[in-house]
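Got your viewer open and a hand on the mouse? Here is a short tour, one selection at a time.

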Amino acid sequence: MQMGMIGLGRMGANMVRRLMQGNHTCVVFDLNADNVKQLRGEGATAATSLDDFASKLDKPRVAWVMVPAGGPTEPGRGDIPRTPGREQKGGTAEEGYVHCGPVGAGHFVKMVHNGIEYGLMQAYAEGFDIFRNANSESLPADIRYDLDMTDIAEVWRRGSVISSWLLDLTAMALLENPDLSNYSGFVQDSGEGRWTIMTAIEEAVPADVLSAALYTRFRSRQEHTFAEKILSAMRHKFGGHVESPSPSQPSPKMGEGRGGGQ
């Protein structure tokens with residue numbers, strides 16, 4: 001099948017790649033010529049204008065126009081099993097699209113989706129950080145584990161209850177560079193998490209996980225904050241706790257220090 005794609009950002013470009021992997025041919029156009037050049041190098045038919053785009057599509061023409069950026073997806077049911085009982089409900093959701101309601105409803109649903117994404121990403125990040133530190137010298141030798149995170153991510157992809165496209169991407173990143181030394185850990189947010197949390201506040205809906213995930217992104221962009229210095233100063237004053245020279249230094253045993261609290 002031939003399909004045209006207008007808009008080659010993160011989502012549009014990856015959709016083209018997935019379609020081509022499925023032996024479909026794609027005609028592509030984007031206002032950014034570099035995006036077009038990249039996909040032409042991967043096998044897509046490049047168009048230099050909308051007129052050129054239309055001329056390279058066979059009739060009846062099928063074109064997909066991308067507006068927002070996001071993660072890749074694939075139109076239609078693909079190989080996703082049908083939800084039991086779904087045949088009684090009908091509708092277009094199984095085909096990969098849905099009419100959510102009046103003007104703004106679709107954006108609202110997408111906003112909450114991306115807010116949830118923040119929480120899922122944070123959960124994976126924290127889990128793998130626990131794995132990474134399982135071999136810390138600060139732990140007793142008999143409970144240290146030297147874990148292969150690339151294998152863990154891979155086995156989790158295959159039938160685990162937490163399998164997902166985000167986990168697929170994590171497995172790819174770990175396989176390419178197990179210690180992730182090509183990343184700084186500076187994590188930006190594009191706004192959807194903030195909007196979701198502000199909406200939760202307006203609705204008086206608790207959103208503990210999503211809020212914590214957003215705040216962690218804020219924290220990733222800073223060195224030690226003044227708030228952390230205040231915490232350290234208080235710990236020193238009430239309990240005699242001295243700042244560790246490095247994160248790998250063993251923690252004091254329970255009860256040490258005049259106050260004992262943390």
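Start with a term we'll need at several stops: a salt bridge here is a side-chain nitrogen of Lys or Arg within 4 Å of a carboxyl oxygen of Asp or Glu. You're looking at a predicted model, where local features need pLDDT of at least 70, side-chain atom pairs count only at pLDDT 80 or more, and totals for chains, interfaces and linings use all residues. Residues are numbered from 1 along each chain as its sequence is written, and side-chain values use heavy atoms, with hydrogens and water left out.

**Stop 1: the whole chain**

Show the cartoon. The protein chain has nine helices and four strands; helices (H or I, at least four residues) and strands (E, at least two) are DSSP runs, numbered from the N terminus. Trace the chain along the sequence and the pattern reads β-α-β-α-β-α-β-α-α-α-α-α-α.

Colour by accessibility next. Buried means under 20% relative accessible area, exposed means over 50%, and partly exposed is in between (1.4 Å probe, protein chains only). On that scale, 27% of the 262 residues of the protein chain are buried.

**Stop 2: the sheet**

Select the strands. In what order do the four strands sit in the sheet? The order is β3-β2-β1-β4, in an open sheet with parallel pairing. At the edges are β3 and β4, each of which pairs on one side only. Two strands count as paired if DSSP finds at least two bridges between them. In general, strands of a sheet pair through backbone hydrogen bonds, either parallel or antiparallel.

Now zoom in on β2, residues 25–29. Four of its five residues are buried, so the strand is mostly covered. Strand β1 (residues 2–6) pairs with β2 in the parallel sense, over five bridges. To get from β1 to β2, the chain goes through helix α1 (residues 10–21), and this β-α-β crossover is right-handed. Right-handed means that, with the strands pointing away from the viewer, the path from the first strand over the helix to the second runs clockwise. Turn the model that way and check it by eye.

For a single bridge, click Met3: its partner in β2 is Cys26. Then move to strand β3 (residues 45–46), which runs parallel to β2 and is joined to it by two bridges. Here Val27 stands opposite Thr45 in β3. Helix α2 (residues 33–41) completes another right-handed β-α-β unit, together with β2 and β3.

**Stop 3: the cysteines**

Stay on Cys26 for a moment. Is it buried or exposed? Cys26 counts as buried, at 4% relative accessibility. Select Cys100 as well: this one is partly exposed, with a relative accessible area of 36%. How many disulfides are there? With a disulfide taken as a pair of cysteine sulfur atoms within 2.5 Å, the count is zero.

**Stop 4: salt bridges**

A search of the whole structure finds eight salt bridges. Pick Arg82 and Glu94: their closest N and O atoms are 2.7 Å apart. Both residues lie in the loop between β4 (63–65) and α4 (105–132), so the pair ties together parts that are 12 residues apart in sequence. Arg82 is partly exposed at 40% relative accessibility, whereas Glu94 is buried at 17%.

Go on to Arg194 and Asp189, another salt bridge, with the closest N and O atoms 2.8 Å apart. Arg194 is partly exposed at 38%, while Asp189 is buried, with a relative accessible area of 9%.

Next, select Glu154, Arg157, Arg158 and Asp168, which are linked in a network of salt bridges. Within that group, the side chains of Arg157 and Glu154 meet at 2.9 Å, N to O. These two are three residues apart in helix α5 (residues 149–157), so about one helical turn separates them. Arg157 is partly exposed at 30% relative accessibility, and Glu154 is partly exposed at 27%.

**Stop 5: a nonpolar patch**

Last selection: Phe226, Ile230, Leu231, Met234 and Phe238, which make a nonpolar surface patch of about 520 Å². Patches are made of residues with over 30% relative accessible area and no salt bridge; like charges are joined within 9 Å, and nonpolar side chains (Val, Leu, Ile, Met, Phe, Trp, Tyr) within 5 Å. The areas come from the Shrake-Rupley method with a 1.4 Å probe, and for residues only the protein chains shown count as cover. Click Met234 to finish: this residue sits in helix α9 (residues 226–239) and is partly exposed, with a relative accessible area of 43%.
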